[in-house]
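I opened this notebook to record what I looked up about helix packing and burial. The entries follow the order in which I went through the model.

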Amino acid sequence: MSNSRFPAISIDIEEKITKGYYYGRIPAVESLVKEYNSSRQTVTNALRPLIHKKLLIPKSNGTWINRRYRIKHGIIGIVVPVSTDTMIHHYDFQSLVDRIQADGRDILILDISQCRFSPNMKSFFGNHFEGFIFTNSTLTVEVASYLDKQKIPFVSCNRLPVYPHLNFIDYNNTGAIGEITGNLVQAGYRDICLFFPARLEGYNDIVRKNWHHIKDELGLPISQADNFKYNWRKSAEENLQLLLKGIIHDKSWPQALIFWSNLFKMIDLITSVLPPECLLIAPAGEEREYPSNVILTRKPNQGKLLQEAYQLLRELMTAPGTRPRHQYIDMPISYLQPIPKYHQPAGFESLPPSGKNSVNKLTVRI
């Protein structure tokens, strides 16, 4: 285990103390080094925050548990852009609640769907919270700066490019989109467009850059729609309307559209203008009837993302001041329907053949 992972050891030692696994004197550093398959310096760093908050007392004959110490836990705020009922219904949320409560903490869901850009937004985040988890692009630079100044730990479930000191965990979106694009190329599609709106400042620029990289890797041409400027302050629906307006005006429908957003909310908008020869691929949402040219992928495990975010938050609360942590979760792609082979419609002028046939594994991450 690397030295940067010492907070995880701190948490594990604290849990063993509270559960009675360690009693009186904890094992010597040499024993802990073997137990955690780590270095002496990492174990020493792991013990330091427990000594600082007086859970452990170093003595000449070892490190002892302070039996007068009472672990005090507070409230964990989960910041969401939807109602509480929607959050609980669409996520593996109960397992997260059980885990937080098992740690002796309370949980409070904060729905900011109506006030994300309000000047009073910071009033939501008082110092009576022990920490925060921000889901679904809910974090802004202003709130991140405020929490850092207040020294309140927080983790974002999305990268916020304009805030480099952020602790975040995110999906490897580029890897997943690259895999889908490669599958489309293998099925004969070459004119492929991506719709990926993000409500995080600076995120859309990275999406565009990495999408161009994917196309370059696969030898695909860049279309006018690939340079569409998303407005991170506008909703996904508003960005989609603007993108479709440009495609319709230019009569430049792609052969396939990767729809990296909530299709269920916008299905009527997109299918009302989508030509039957244009294939649309999107993560599955709520059950309903979809046109035959819509291919669905299985939704990623949101519960896993939340669990990993809470684990990271626990480490930050145990050992504050460590360097920023950036973690990505891979998204295995599986299709609910097979991708059909591309057949060029009559009268449709195809693009020139690609010079690249292989699908390389993409390492750039969004």
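In which sense, left-handed or right-handed, does α5 pass α11? I looked this up before anything else and found a right-handed crossing of α5 past α11, where right-handed means that the near helix is turned clockwise from the far one by less than a right angle, and left-handed anticlockwise.

I note for the record that this is a predicted model, in which local features need pLDDT of at least 70 and side-chain atom pairs count only at pLDDT 80 or more, while totals for chains, interfaces and linings use all residues. Residues are numbered from 1 along each chain as its sequence is written, and side-chain values use heavy atoms, with hydrogens and water left out.

Entry on the chain. I find 11 helices and 12 strands in the protein chain, taken as DSSP runs numbered from the N terminus (helices H or I, at least four residues; strands E, at least two). Of its 366 residues, 48% are buried (under 20% relative accessible area, against over 50% for exposed and in between for partly exposed, with a 1.4 Å probe and protein chains only).

Entry on α5 and α11. The axes of α5 (residues 93-102) and α11 (residues 302-318) come within 10 Å and cross at roughly 20 degrees, the axes being lines fitted to C-alpha atoms over the stretch in contact and the angles running from 0 to 180 degrees between N-to-C directions. That makes α5 roughly parallel to α11 (angles under 35 degrees). In contact terms (heavy atoms within 4.5 Å), Phe93, Ser95, Leu96, Arg99 and Ile100 of α5 meet Leu306, Gln307, Tyr310, Gln311 and Arg314 of α11.

Entry on α9 and α10. I then turned to α9 (residues 236-250) and α10 (residues 263-271), whose axes come within 11 Å and cross at roughly 20 degrees; α9 and α10 are therefore roughly parallel to each other. Here α9 passes α10 in a right-handed crossing, and Ala236, Glu237, Leu240, Gln241 and Leu244 in α9 meet Lys265, Met266, Leu269 and Ile270 in α10.

Entry on α6. Val143, Ala144 and Leu147 are the buried residues of α6 (residues 141-150). Seen down the axis of α6, these fall within an arc of 100 degrees, so they line one face of the helix (the arc is that of the directions from the helix axis to the C-beta atoms). They pack against β5 (129-134) and β6 (154-156), whereas the exposed residues Glu142 and Lys149 sit on the face of α6 turned away from its buried side.

Terms used:
Angles under 35 degrees count as roughly parallel, over 145 as roughly antiparallel, 65 to 115 as roughly perpendicular and the rest as oblique.
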